[in-house]
Amino acid sequence: MSLRFCNSHSLYHLLLVLVIFCSISAIYATANEDPTITTMEAFSGYPIHESNSFVTNLASSLSVDTETLQKRIDELSTFSDTPAPSVTRVLYTENDVLARSYIKNLMGLSGLSVREDAVGNIFGRWIGNEAELAPVATGSHIDAIPYSGKYDGVVGVLGAIEAINVLKRSGFRPRRSLEVIMFTSEEPTRYGISCLGSRLLAGIESLAKDLTSTVDGQNISFLDAARSAGYAKEHNDLSSVFLKKGSYSAFVELHIEQGPILEEEGTSIGIVTAIAAPASIKVDFEGNGGHAGAVLMPNRNDAGLAAAELALAVEKHVLESGSIDTVGTVGILELHPGAINSIPSKSHLEIDTRDIDEKRRNSVIEKIHQSAITIAKNRGVTLSEFKIVNQDPPALSEKSIIEAVEAASKELNLTHKFMISRAYHDSLFMARVSPMGMIFIPCFKGYSHKPEEYASGHDMENGVKVLALTLAKLSLQ
């Protein structure tokens, strides 16, 4: 009896000590809290500063409205200059303007604050709790080359808007603001300049100057086209578009892979570590031309054959680079006058060459140039132009963003692999503004830039979840 009493008495004292300790801890914690934040949290029902454990647990509460996302992709594809299933949406055309209005409307419906700059880059911002901090950005483009598909770029814009909706539905509140960007003219279709909007955001002054005198194939100037779409209204100076370095704390782009690797390997997520360095070259040869029957072979100065020989030289120099990462393409080859019974008097080529190694790529360009000079001399034609249109450096993804995407993939139990992007994206130029990263999802057979381009609802759902969780992590840093 006495022993039982002593044990009960000791247990009573132990419980009393624990209660006092917990009370002191609670008082100490309360004393160190900002009373304003405590009040705001009480009224909103959500924590103002999300804890790390909240973000970790966030993965299980993310819910993507895949049906609505697909519906919006389908609706956006109707703004096209060519019939379905193809999509053609060229900068500042009527359908491009209509598509822009569609995107701005969706941003508004998601509660984002919407603005546009002088060339039509569109920004939709979710204001964070510490709005003075540099925001985290995401986004892509919606313009489409002739007769292409409806997922390239679009998944990164509509998917980004859905990622914001996913986070809002989960109850998450960002510390840093989150911003969705729709970039103007990632494709070079109309003015021959890829990533036009993001290049300007990166502050490329030579481009801003050149655009004041640039015209398209119908001799319509860039500024006239921009004004017809409601942009560049006040003056010819486009420097207002430039962003200062550090304007964003991070930029993450969601995109279809545009290659077959993820699908073939059955991997859900590609984490991009670097974007290959692209370069574009324009070449013109001029010969004498003549009648296809009357001019004998030894007497010809055939500009068409000079172009054909240079196209083969491009392939040769790329294959001899010593790396599988070096690629080259003659995407345009035009002959004048273009008649079956006429020897070409003029030829025009546009060459694309890329590599993750800038020095190696530049070496290939120089070899192509030397081949063009030699071919012109041997064939008795004139090399009237060899112009390097752009020669951009590669971009490396930021380690902290790679780690955030990797952590998000693991928390969502999604398989992933690290990859190089051999296609260029707006991220290539956003890397000059802020730390950058990219997320790839599989696409059917790797198809892109063709009507058969396709990403499944399941793969888009995975991509949006990884993007949403990555944005959440980055917003709290």
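How many disulfides does the structure hold? The answer is zero. Keep in mind as you look around that this is a predicted model.

## The chain at a glance

Let's start with the whole chain. It has 477 residues, and 49% of them count as buried. Along the way you will meet 15 helices and 17 strands.

Sequence neighbours tell just part of the story here. Take the contacts in the chain with a separation of 6 or more: 78% of them are between residues 24 or more positions apart. A couple of such long-range meetings come up further down.

## Cysteines without a disulfide

A disulfide is a covalent bond between the sulfur atoms of two cysteines. With zero disulfides in the structure, it's still fun to see where a couple of cysteines sit. Cys-195 has a relative accessible area of 0%, so it is buried. Cys-443 comes out at 2% relative accessibility, so this residue counts as buried too.

## Charged partners

Side chains of opposite charge can pair when their charged atoms come close. This structure holds 19 salt bridges. One of them joins Arg-100 to Asp-96, with the closest N and O atoms 2.9 Å apart. Both residues lie in helix H5 (residues 94-109), and because they are four residues apart there, about one helical turn separates them. Arg-100 and Asp-96 are also both buried.

Helix H13 (residues 399-411) has a pair with that spacing as well: Lys-410 and Glu-406 are four residues apart, which puts about one helical turn between them. In their salt bridge, the closest N and O atoms are 3.5 Å apart.

Next, have a look at Arg-360 and Asp-355, whose side chains meet in a salt bridge at 2.7 Å, N to O. Is each partner buried or partly exposed? Arg-360 is at 24% relative accessibility, so it counts as partly exposed, while Asp-355 is at 0% and counts as buried. Finally, Arg-199, Asp-392 and Arg-432 are linked in a network of salt bridges.

## The nonpolar cores

Now for the inside. Which residues touch the most other members of the largest nonpolar core? They are Leu-76, Ile-103 and Leu-167, out of 60 residues in that core. Helix H6 (residues 154-170) supplies the largest share of this core, with ten residues. A second, separate core has 44 residues, among them Leu-91, Ile-193, Leu-196 and Val-241.

Leu-167 is a handy place to zoom in. Leaving aside neighbours within four places in sequence, Leu-167 is in contact with Leu-58, Leu-62, Trp-126, Phe-172 and Leu-178, and also with Ala-468, Leu-471 and Ala-472.

## Two crossing helices

Two packed helices are described by the angle between their axes and the distance between the axes. Try this with helix H4 (residues 66-77) and helix H15 (residues 457-475): their axes come within 10 Å and cross at roughly 105°. That angle falls in the 65 to 115 range, so H4 and H15 are roughly perpendicular to each other. On the H4 side, the contact is made by Thr-66, Leu-69, Gln-70 and Ile-73. H15 brings Gly-457, Met-460, Glu-461 and Val-464.

## Far apart in sequence

Here are two places where distant parts of the chain meet. Thr-267 sits in the loop between helix H10 (261-265) and strand S8 (269-275), and Leu-414 is in the loop between H13 and strand S16 (416-421). They are 147 residues apart in sequence, yet 8.0 Å apart in space, C-alpha to C-alpha. Thr-267 is buried because its relative accessible area is 10%; Leu-414, at 14% relative accessibility, counts as buried as well. Not counting residues up to four places away in sequence, Thr-267 is in contact with Leu-262, Thr-415, His-416, Lys-417 and Pro-442. With neighbours set aside in that way, Leu-414 touches Ser-268, Ile-269, Ser-409, Asn-462 and Val-466.

The other place involves Glu-263, found in helix H10. Glu-263 is partly exposed, since its relative accessible area is 36%. What lies 183 residues from it in sequence but 7.6 Å away in space, C-alpha to C-alpha? That's Gly-446. Beyond neighbours within four places in sequence, the contacts of Glu-263 are Pro-442, Cys-443, Phe-444, Lys-445 and Gly-446.

Definitions and conventions
Residues are numbered from 1 along each chain as its sequence is written. This is a predicted model: local features need pLDDT of at least 70, side-chain atom pairs count only at pLDDT 80 or more; totals for chains, interfaces and linings use all residues. Side-chain values use heavy atoms; hydrogens and water are left out. A disulfide is a pair of cysteine sulfur atoms within 2.5 Å. Buried means under 20% relative accessible area, exposed over 50%, partly exposed in between (1.4 Å probe, protein chains only). A salt bridge is a side-chain nitrogen of Lys or Arg within 4 Å of a carboxyl oxygen of Asp or Glu. Helices (H or I, at least four residues) and strands (E, at least two) are DSSP runs, numbered from the N terminus. A nonpolar core is a set of buried Ala, Val, Leu, Ile, Met, Phe, Trp, Tyr and Cys residues joined through side-chain atoms within 4.5 Å. Contact means heavy atoms within 4.5 Å. Axes are lines fitted to C-alpha atoms, for helices over the stretch in contact, and angles run from 0 to 180 degrees between N-to-C directions. Angles under 35 degrees count as roughly parallel, over 145 as roughly antiparallel, 65 to 115 as roughly perpendicular and the rest as oblique.
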